[in-house]
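Colleague: I am new to this one, so could you take me through a single part, the surroundings of the ligand?

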Amino acid sequence: MRVFFTGGCGKAGRHAVPYLREQGHRVLNVDLNADIGAGRDELRVDLTDAGQVFNAMSGFGDFADLDSPRPGAPAFDAVVHFAAIPCILMVPDNETYRINTLSTYNVIDAALKLGIKKVIFASSETTYGVCFAHHERKPLYVPVDEEHPTVPEDSYAMSKVVNEVTARSFQERSGIDIYGLRINNVIEPHEYAENFPAFMEDPGIRRRNLFAYIDARDLGHMVDRCLKTDGLGYEVFNVANPDMSVNISSSEVIERFYKGVEVRKEMTETETFFCIDKARRMLGFDPQHSWRDVLE
Ligand SMILES: NC(=O)c1ccc[n+]([C@@H]2O[C@H](COP(=O)([O-])OP(=O)(O)OC[C@H]3O[C@@H](n4cnc5c(N)ncnc54)[C@H](O)[C@@H]3O)[C@@H](O)[C@H]2O)c1
């Protein structure tokens with residue numbers, strides 16, 4: 001498929017884009033930090049500027065388009081929107097909110113008005129309110145699935161909840177497929193050796209991430225599954241590894257960190273508290289990269 005991918009220069013995108021290209025997709029990376037140069041299939045765009053978004057999405061996608069038998073601009077088959085301020089405490093709170101909500105509105109609005117039939121966008125685990133809560137906040141129940149309330153306290157997660165509402169509304173009007181990915185903490189391959197020993201030492205560090213993680217390459221796989229699965233309308237999916245990011249059992253996690261929290265399902269000893277059953281069932285999501293391959 002021909003894919004308009006935003007945020008491909010970032011932590012997640014620099015693994016997801018190559019993965020999608022390996023699967024045969026033709027990807028244009030659109031990013032404020034694009035490494036511009038002839039033939040790189042990257043475009044420098046500020047997505048908070050609707051004019052730039054419409055222009056980029058309706059213009060030539062690469063040099064091959066100059067010789068395309070089809071007149072005019074290419075038609076992208078799908079938009080994957082990852083670009084964002086990905087955390088609190090990077091820019092002022094109101095800027096995080098403004099950039100994330102406005103860019104998402106612009107990207108989905110342009111996609112719909114240009115007749116693109118599929119949009120996949122990055123939402124976040126933080127929508128459940130645990131990650132960036134002031135003081136400790138426990139989930140209402142575990143494992144946390146997509147039915148868990150999304151009432152966060154911080155501007156980043158608020159922007160992601162707003163983006164989900166925006167996407168839901170655009171889907172209602174258009175009837176196209178729009179899938180939101182509630183992504184857990186993204187881990188690049190080199191981070192297993194760098195960061196995971198500390199998680200083994202002190203599992204409590206991972207409390208705010210519900211003890212979960214997702215390998216950036218498996219995120220590419222998740223996007224590919226979304227591209228290949230049609231007809232779901234609007235859906236949100238948790239995205240995590242089936243395992244935890246700590247080396248204690250799920251019963252020990254419950255005993256140490258989730259006293260008093262309702263446990264809704266019988267869990268295996270290494271099962272993630274960030275439930276991915278829906279993505280497995282509806283998309284065939286099947287993550288392949290585990291910290292255990294590197295550290296054990
Ligand atoms: N990293 C994580 O653990 C994590 C977890 C959950 C969700 N997410 C979400 O996944 C997505 C990717 O996250 P990431 O970790 O790769 O972030 P990142 O900051 O590494 O990459 C984001 C990219 O977006 C680009 N960008 C930002 N503002 C832009 C603008 N106005 N116009 C064009 N490009 C712009 C940046 O240049 C950057 O390359 C984000 O939407 C993030 O909120 C990330």
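Modeller: Happy to! By class, the shell around the ligand holds 13 nonpolar, eight polar and four charged residues; here Ala, Val, Leu, Ile, Met, Phe, Trp, Tyr, Cys and Pro count as nonpolar, Asp, Glu, Lys and Arg as charged, and the others, Gly among them, as polar. This is a predicted model, in which local features need pLDDT of at least 70 and side-chain atom pairs count only at pLDDT 80 or more, while totals for chains, interfaces and linings use all residues. Residues are numbered from 1 along each chain as its sequence is written, and side-chain values use heavy atoms, with hydrogens and water left out.

Of the 25 residues around the ligand (a heavy atom within 4 Å of it), Lys-11, Ala-12, Asp-31, Tyr-156 and Val-186 come nearest. Asp-31 also has a side-chain N or O atom 2.6 Å from an oxygen atom of the ligand. In the side chain of Lys-160, an N or O atom is 2.9 Å from a ligand oxygen atom. Leu-32 takes part through its backbone, where an N or O atom lies 3.0 Å from a nitrogen atom of the ligand. On its own the ligand has 820 Å² of accessible area (Shrake-Rupley method, 1.4 Å probe), and the protein covers 89% of that.

Turning to the secondary structure (DSSP runs numbered from the N terminus: helices are H or I, at least four residues, and strands E, at least two), strand S5 (118-124) and helix H4 (155-174) are the elements that give two or more residues to the shell. The largest share, three residues, comes from S5.

Definitions and conventions: A polar contact is a pair of N or O atoms within 3.5 Å; within protein, one must be able to donate a hydrogen and the other to accept it, and residues adjacent in sequence count only if both atoms are side-chain atoms.
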